[in-house]
Amino acid sequence: MLTFHHIGIACRDITKTQDFYLHMGYTASPIVEDPVQHVRISFLEKEGAPRLELLEPLDEKNPVARTLATAGVSPYHICYEVEDIEAAIAELRSQRFLLVNDPVQACAMDNKRIAFLYQKNTGLIELVEAQP
Ligand code: NI
């Protein structure tokens with residue numbers, strides 16, 4: 001039901017964090033600004049390696065900024081692709097996850113709908129619906 005999609009990494013400066021991964025042979029997507037999530041985003045991909053999403057906050061109130069303040073540059077969420085985001089949210093709620101936000105379109109992901117859920121023993125999970 002949940003198919004791995006990416007690991008989200010909170011970073012202060014996307015271009016500086018990209019440097020290491022580009023050196024390691026990853027390919028970076030163009031940086032996109034998401035006005036809904038108040039972040040700048042770039043995806044990093046490499047054959048045989050997990051897809052990474054670099055997130056740079058646009059303001060200090062952002063949850064990415066709070067992650068940076070407490071943990072520094074670090075993994076911040078794991079994203080899974082699902083066929084039906086409402087059904088997946090209902091299933092995760094039955095597993096004691098709290099819905100952080102209702103599904104919203106993500107401009108950095110072809111306007112597919114995403115949602116974040118949190119459970120204290122698992123942490124933050126993002127869902128992305130397979131079809132926009
Ligand atoms: Ni993500």
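The legends below accompany close-up views of a predicted model.

**View 1. The overall fold of the protein combines three helices with ten strands.** Read along the sequence, these elements follow the pattern β-α-β-β-β-β-α-β-α-β-β-β-β. The radius of gyration is 14 Å, close to the 14 Å that the globule rule gives for 132 residues, so the protein is as compact as a globular protein of that length. Along its principal axes, the C-alpha trace extends over about 40 × 30 × 25 Å, and 44% of the 132 residues count as buried.

**View 2. The nickel ion is held by four donor atoms, and their arrangement is irregular.** The coordinating atoms belong to His6 (NE2), Glu53 (OE), His77 (NE2) and Glu126 (OE), and they lie at 1.9 to 2.1 Å from the ion. The angles among the four donor atoms run from 89 to 174°. Along the chain, the donors are spaced as H-x46-E-x23-H-x48-E.

**View 3. Two histidines of the nickel site, His6 and His77, link distant parts of the chain.** His6 belongs to strand β1 (residues 3-10), whereas His77 belongs to strand β6 (residues 74-82), and the two histidines are 71 residues apart. Are these two residues buried or exposed? Both His6 and His77 are buried, and each of them gives its NE2 atom to the nickel ion.

**View 4. The largest pocket has a volume of about 320 Å³.** Its lining is made up of 17 residues, and among these Gln37, Pro63, Tyr76, Val100 and Phe116 lie nearest the centre of the pocket. The elements that give two or more residues to this lining are α2 (63-71) and β9 (112-119), and the largest share, four residues, comes from α2. When the residues of the lining are sorted by character, eleven are nonpolar, five are polar and one is charged.

**View 5. The second largest pocket holds about 180 Å³ of space.** The residues that line this pocket are His5, Thr27, Ala28, Ser29, Phe43, Glu45, Arg51, Ala108, Met109, Asp110 and Lys112. Two or more of the lining residues are given by each of the strands β2 (27-28) and β4 (39-45). How many residues of this lining are nonpolar, polar and charged? The lining of the second largest pocket divides into four nonpolar, three polar and four charged residues, while that of the largest pocket has eleven nonpolar, five polar and one charged.

Key. Residues are numbered from 1 along each chain as its sequence is written. This is a predicted model: local features need pLDDT of at least 70, side-chain atom pairs count only at pLDDT 80 or more; totals for chains, interfaces and linings use all residues. Side-chain values use heavy atoms; hydrogens and water are left out. On a 1 Å grid over the protein atoms alone, a cavity is a set of points where a 1.4 Å probe fits but cannot get out, and a pocket is an open set with protein on both sides within 12 Å along at least five of seven lines; lining residues have an atom within 4 Å of a point. Grid points are joined across faces, edges and corners, and a volume is the space filled by probe spheres set on the points. Ala, Val, Leu, Ile, Met, Phe, Trp, Tyr, Cys and Pro count as nonpolar, Asp, Glu, Lys and Arg as charged, and the others, Gly among them, as polar. Donors are N, O and S atoms within 2.8 Å of the metal (3.2 Å for Na, K and Ca); water is not among the atoms, so sites may look incomplete. Four donors count as tetrahedral if all angles lie between 85 and 135 degrees; four count as square planar and six as octahedral if opposite donors are over 155 degrees apart and all others between 65 and 115; anything else is irregular. Buried means under 20% relative accessible area, exposed over 50%, partly exposed in between (1.4 Å probe, protein chains only). The radius of gyration is taken over C-alpha atoms; the globule rule is 2.2 Å times the number of residues to the power 0.38.
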